[in-house]
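Below are my comments on the structure, set out as numbered points. Please read them beside the sequence and the coordinates.

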Amino acid sequence: MKRLSVIGSTGSVGRNVLRVVRQFPERFSVVALAAGRNVGLLAEQVTRFSPEVAVVLDGDLASRLKEMVMGARRLEILHGLDGYRVAATLSSADLVVSAIAGSAGLLPTMAATEAGKPVALANKESLVMAGELVMGTAREKGASIIPVDSEHSAIFQSLAGHRRQDLKQIILTASGGPFLDKSPEDIDKVTPEMALCHPTWKMGPKITIDSATLMNKGLEVIEAKWLFGVPEELIQVVIHRESVVHSMVVYQDGSVIAQLGLPDMRAPIAYALSYPERLPLGLPPPDFVDMGSLTFRNPDPGKFPCLALAIEACRTGKTMPAVLIAANEVAVDAFLHQRIRLRRIWEVVHRVMTRHKPVSEPGLSDILEAAAWARLTAEGCV
Ligand code: MG
């Protein structure tokens, strides 16, 4: 029985993690559930999974949760940063699922790796903002990090059983989002509702917008760089509309190993939970005959400037990727609240990055400070 601490249990990844747990009750149990503001859903999850610890964002929400789950036995309700830290380091947890959306996921991920806990990592921001710190701490404490992001899970799977020194290149596939074939003028008229319709993957609102601008793919390049220790110039992004090839690895002899499957988050989640075993999820394989063809092409940099911006932040390194993350969060939120247009997201992030003076060899506090500065500066730009 593997005991899980699920940080970010009410989000899109968290809910799918719990679907897998429900499907395999003899394999997994839940010892901690941490959410943000969605107390209603968290209360339902607490009733169903009986964790030892439940965490919410603040004291008011904690009181509301307490009323809603009256009678839950041996449940400790916590809130705020200390609460997330407890959930991420709980002694009874065998695996921590880090699935909070956005930069808020950094501290719980750091706490879990510092405690030497194996982490199933869905929160890419942790690695984008503090890849060197997170991976360094994980190595030092012997904590494994298993990717949940579908592309990185595919790369992880394609690397299994091969010698790392034979690796030549990583090919990261991108669906291209809902506006791949729209003109720049049409993209300018996009509303949040239109942007939230992703063609192949069902995900939360923030990451769906990041997919529409290809910022998500840029963040995934940085994530892959840290996870697999590969410089960004060896990571190629290819548009693959069908989202069936989840990513590929090229070896020195020109051979390519890819991982394929239907776009369903339960597959990479279940793999991270049960690694190195594979669970009988009941998901069908792709029907290749029915599909007929798989297509690949280069992303259009003029239409999706956020991709290049993320790669620029990656090359600069230091505190720049944290600034990219924070400025983008503010800009995406402004778009979702109809304060700016979709194409302005790039402009806001670009301006904030131009003004930032990167700090070399940053510690956690430098990274958090740079992100806070970027958030304020981005607000000003919006
Ligand atoms: Mg992904």
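1. I begin with a pairing inside the sheet, where β2 and strand β3 (residues 53-56) run parallel to each other and are joined over three bridges. Within this pairing, Ala 34 has Val 55 as its bridge partner in β3. The chain gets from β2 to β3 by way of helix α2 (residues 39-49), and the resulting β-α-β crossover is right-handed. The model is a predicted one, and every remark in this note should be read with that in mind.

2. On its other pairing, β2 (residues 28-34) meets strand β1 (residues 2-7), again in the parallel sense, and here the two strands share six bridges. Two of the partnerships can be named: Ser 5 is bridged to Ala 32 of β2, and Lys 2 is bridged to Phe 28 of β2. The connection from β1 to β2 passes through helix α1 (residues 12-23), and this β-α-β crossover is right-handed. As for its surroundings, β2 is largely enclosed by the rest of the structure, because six of its seven residues are buried.

3. These pairings belong to an open sheet of seven strands, whose order is β4-β3-β2-β1-β5-β6-β7 and whose pairing is parallel. The edges are taken by β4 (76-79) and β7, each of which has a single partner strand, so that one side of each is left without a neighbour in the sheet. On average, neighbouring strands of this sheet are turned by 25° against each other when direction is ignored.

4. Which residues coordinate the magnesium ion? The donors come from Asp 149 (OD), Glu 151 (OE) and Glu 220 (OE), at 2.1 to 2.2 Å, and along the chain they follow the spacing D-x1-E-x68-E. The pair of Asp 149 and Glu 220 links distant parts of the chain, 71 residues apart, since Asp 149 sits in the loop between β7 (145-147) and α7 (150-159) while Glu 220 belongs to helix α11 (residues 215-228). Both Asp 149 and Glu 220 are buried. The coordinating residues also take part in a network of salt bridges, which links Lys 124, Asp 149, Glu 151, Lys 217 and Glu 220.

5. The structure holds 20 salt bridges, and a few of them deserve separate comment. Asp 82 is joined to Arg 85, with 3.1 Å between the closest N and O atoms of this salt bridge. Both residues lie in helix α4 (residues 80-89), where Asp 82 and Arg 85 are three residues apart, about one turn of the helix. Are these two residues buried or exposed? Asp 82 counts as exposed because its relative accessibility is 54%, over the 50% cut-off, whereas Arg 85, at 41%, counts as partly exposed.

6. A further salt bridge is formed by the side chains of Asp 166 and Arg 163, with an N to O distance of 3.0 Å; Asp 166 has a relative accessibility of 25% and therefore counts as partly exposed. The side chains of Arg 339 and Glu 379 also meet in a salt bridge, at 3.3 Å from N to O. Arg 339 lies in the loop between α15 (320-336) and α16 (344-355), and Glu 379 lies in helix α17 (residues 364-381), so this pair ties together parts that are 40 residues apart in sequence. Arg 339 is partly exposed, with a relative accessible area of 47%, and Glu 379 likewise counts as partly exposed, at 37% relative accessibility.

7. My last point concerns two helices and their burial. Helix α15 has 17 residues and reaches 24 Å from its first C-alpha to its last, close to the 24 Å expected at 1.5 Å a residue. Because 15 of its 17 residues are buried, α15 is largely enclosed by the rest of the structure, and just after this helix Gln 338 takes a positive phi of about 55°. Helix α12 (residues 266-274) is also largely enclosed by the rest of the structure, as eight of its nine residues are buried; among them are Arg 266, Pro 268, Tyr 271 and Ser 274.

Terms used: Residues are numbered from 1 along each chain as its sequence is written. This is a predicted model: local features need pLDDT of at least 70, side-chain atom pairs count only at pLDDT 80 or more; totals for chains, interfaces and linings use all residues. Side-chain values use heavy atoms; hydrogens and water are left out. Donors are N, O and S atoms within 2.8 Å of the metal (3.2 Å for Na, K and Ca); water is not among the atoms, so sites may look incomplete. Helices (H or I, at least four residues) and strands (E, at least two) are DSSP runs, numbered from the N terminus. Buried means under 20% relative accessible area, exposed over 50%, partly exposed in between (1.4 Å probe, protein chains only). Two strands pair if DSSP finds at least two bridges between them. Axes are lines fitted to C-alpha atoms, for helices over the stretch in contact, and angles run from 0 to 180 degrees between N-to-C directions. A salt bridge is a side-chain nitrogen of Lys or Arg within 4 Å of a carboxyl oxygen of Asp or Glu. A crossover is right-handed if, with the strands pointing away from the viewer, the path from the first strand over the helix to the second runs clockwise. The expected span of a helix is 1.5 Å times one less than its number of residues.
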